[in-house]
Amino acid sequence: MPGISLKRVTKKNFHEVVQLHDSLTEYQKRCVAPNMVSLAQAYVEKKRAWPRAIYLGGKPIGFIMVALWDDDIPKEDLPAYYLWRFMIAKDYQQKGYGKQALDLLKEKCKKDNIKTLYTSCEMEGNQPYDFYINYGFIDTGINDGEQILKMYL
Ligand SMILES: CC(C)(COP(=O)(O)OP(=O)(O)OC[C@H]1O[C@@H](n2cnc3c(N)ncnc32)[C@H](O)[C@@H]1OP(=O)(O)O)[C@@H](O)C(=O)NCCC(=O)NCCS
């Protein structure tokens with residue numbers, strides 16, 4: 001069984017990573033910005049953004065991007081990372097790969113001595129809120145129309 005790994009986005013895998021977003025349902029597309037937009041943001045926020053392709057063996061199947069700091073996070077939870085963008089291509093969802101990708105992110109957080117991982121999500125439907133709660137995130141309430149979640153590491 002090929003495993004999940006996180007790899008840099010390069011000239012080689014750029015197009016494949018960008019195209020993964022097209023596989024999402026219309027509702028899911030409203031939950032996460034296009035990977036093209038995330039990569040453009042990563043370019044203009046080089047120091048803050050940590051973008052990675054999610055690989056299953058040799059194939060990119062998703063995208064994850066972390067903000068290495070965020071000014072809105074309460075002081076008592078610092079140092080913290082913010083899970084900014086996260087998606088698994090439609091055909092690969094519900095197979096445990098999203099969970100495995102978060103496990104790898106958690107390992108990175110622990111290695112970097114991070115105390116809290118934050119994220120936020122749309123509340124139009126149960127997705128992806130239920131996924132995050134199921135994974136172990138705690139609901140901290142709403143800010144700017146988005147549900148803010150956190151997890152202690
Ligand atoms: C959210 C997302 C990344 C989850 O990835 P995934 O690979 O499908 O999730 P997994 O298969 O690893 O699921 C892990 C667990 O969560 C559960 N789960 C997954 N999606 C769920 C959902 N929509 N509602 C409830 N539980 C869910 C699974 O049943 C599984 O539970 P188990 O461990 O008890 O079996 C994926 O659905 C996605 O890309 N969604 C569209 C983009 C998006 O919303 N991104 C988040 C932006 S905030």
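Pro-128 sits in the loop between strand S5 (116–121) and H5, and a cis peptide bond joins Gln-127 to this proline, with omega at about -10 degrees. Bear in mind that you're looking at a predicted model. Beyond that loop, there's an open sheet of seven strands to get to know, a helix packed on the sheet, and a ligand with 21 residues around it.

**Cis prolines**

- Pro-128 has company: a cis peptide bond also joins Leu-78 and Pro-79, this one with omega at about 0 degrees.
- To find Pro-79, look in the loop between S3 and S4.

**The sheet as a whole**

- Reading across the sheet, the strands come in the order S1-S2-S3-S4-S5-S7-S6, and their pairing is mixed.
- At the edges you'll find strand S1 (4–7) and strand S6 (138–143). Each of these has a single partner strand, so one side of each is left without a neighbour in the sheet.
- Going from one strand to the next, the twist averages 30 degrees.
- As background, strands of a sheet pair through backbone hydrogen bonds, and they can do so in a parallel or an antiparallel way.

**The S1, S2 and S3 end**

- S1 and S2 run antiparallel and are joined by four bridges. Here Leu-6 stands opposite Ile-54 in S2.
- S2 also pairs with S3, again in the antiparallel sense, over eight bridges. One pair to look for is Ala-53 with its bridge partner Phe-63 in S3.
- S2 and S3 make a hairpin with two residues between them. Gly-57 is in that turn, and its phi is positive, at about 60 degrees.

**The S5, S7 and S6 end**

- S5 and S7 run antiparallel, with six bridges joining them. Thr-119 has Leu-149 in S7 as its bridge partner.
- S6 and strand S7 (residues 146–152) pair in the antiparallel sense too, over five bridges.
- Between those two strands, Asp-139 stands opposite Leu-149 in S7, while Gly-141 has Ile-148 in S7 as its bridge partner.
- S6 and S7 form a hairpin with two residues between them, and Asp-144 is in its turn.

**Helix H3 on the sheet**

- Helix H3 (residues 35–44) packs on the sheet, where it touches strand S2 (49–56), strand S3 (59–67) and S4. The direction of H3 makes about 140 degrees with that of S2.
- Which residues of H3 are buried? They are Asn-35, Ser-38 and Ala-42. Seen down the axis of H3, the buried residues fall within an arc of 60 degrees, so they line one face of the helix.
- A bit of helix geometry helps here: an α-helix has 3.6 residues a turn, so residues three or four places apart point the same way.
- The cover over the buried residues of H3 includes helix H1 (14–19), S2, S3 and S4.
- Turn to the face of H3 that points away from its buried side, and you'll meet the exposed residues Ala-40, Tyr-43 and Val-44.

**Positive phi outside glycine**

- Asn-113 isn't a glycine, yet its phi is positive, near 60 degrees. You'll find Asn-113 in the loop between H4 and S5.
- Is Asn-113 buried or exposed? Asn-113 is exposed, because just 8 other C-beta atoms lie within 10 Å, and a residue counts as exposed at 12 or fewer.
- Asp-144 is another residue other than glycine with a positive phi, near 55 degrees. Its place is the loop between S6 and S7.
- Asp-144 is exposed as well, with 7 other C-beta atoms within 10 Å.

**Around the ligand**

- Which of the 21 residues around the ligand come nearest? Those are Cys-31, Gln-93, Gly-98, Lys-99 and Asp-130.
- Several elements give two or more residues to this shell: helix H2 (26–31), strand S4 (80–88), helix H4 (97–111) and helix H5 (129–135).
- By type, the residues of the shell divide into 10 nonpolar, eight polar and three charged.

Definitions and conventions:
Residues numbered from 1 in each chain as written. Predicted model: local features only at pLDDT ≥ 70, side-chain atom pairs only at ≥ 80, totals over all residues. Near = placed C-beta within 6 Å. Nonpolar A, V, L, I, M, F, W, Y, C, P; charged D, E, K, R; others polar. Pairing = 2+ DSSP bridges. Axes fitted to C-alpha atoms, helices over the stretch in contact; angles between N-to-C directions. Contact = placed C-beta atoms within 7 Å. Buried ≥ 20, exposed ≤ 12 C-beta atoms within 10 Å, placed from the backbone. Arc of directions from axis to C-beta.
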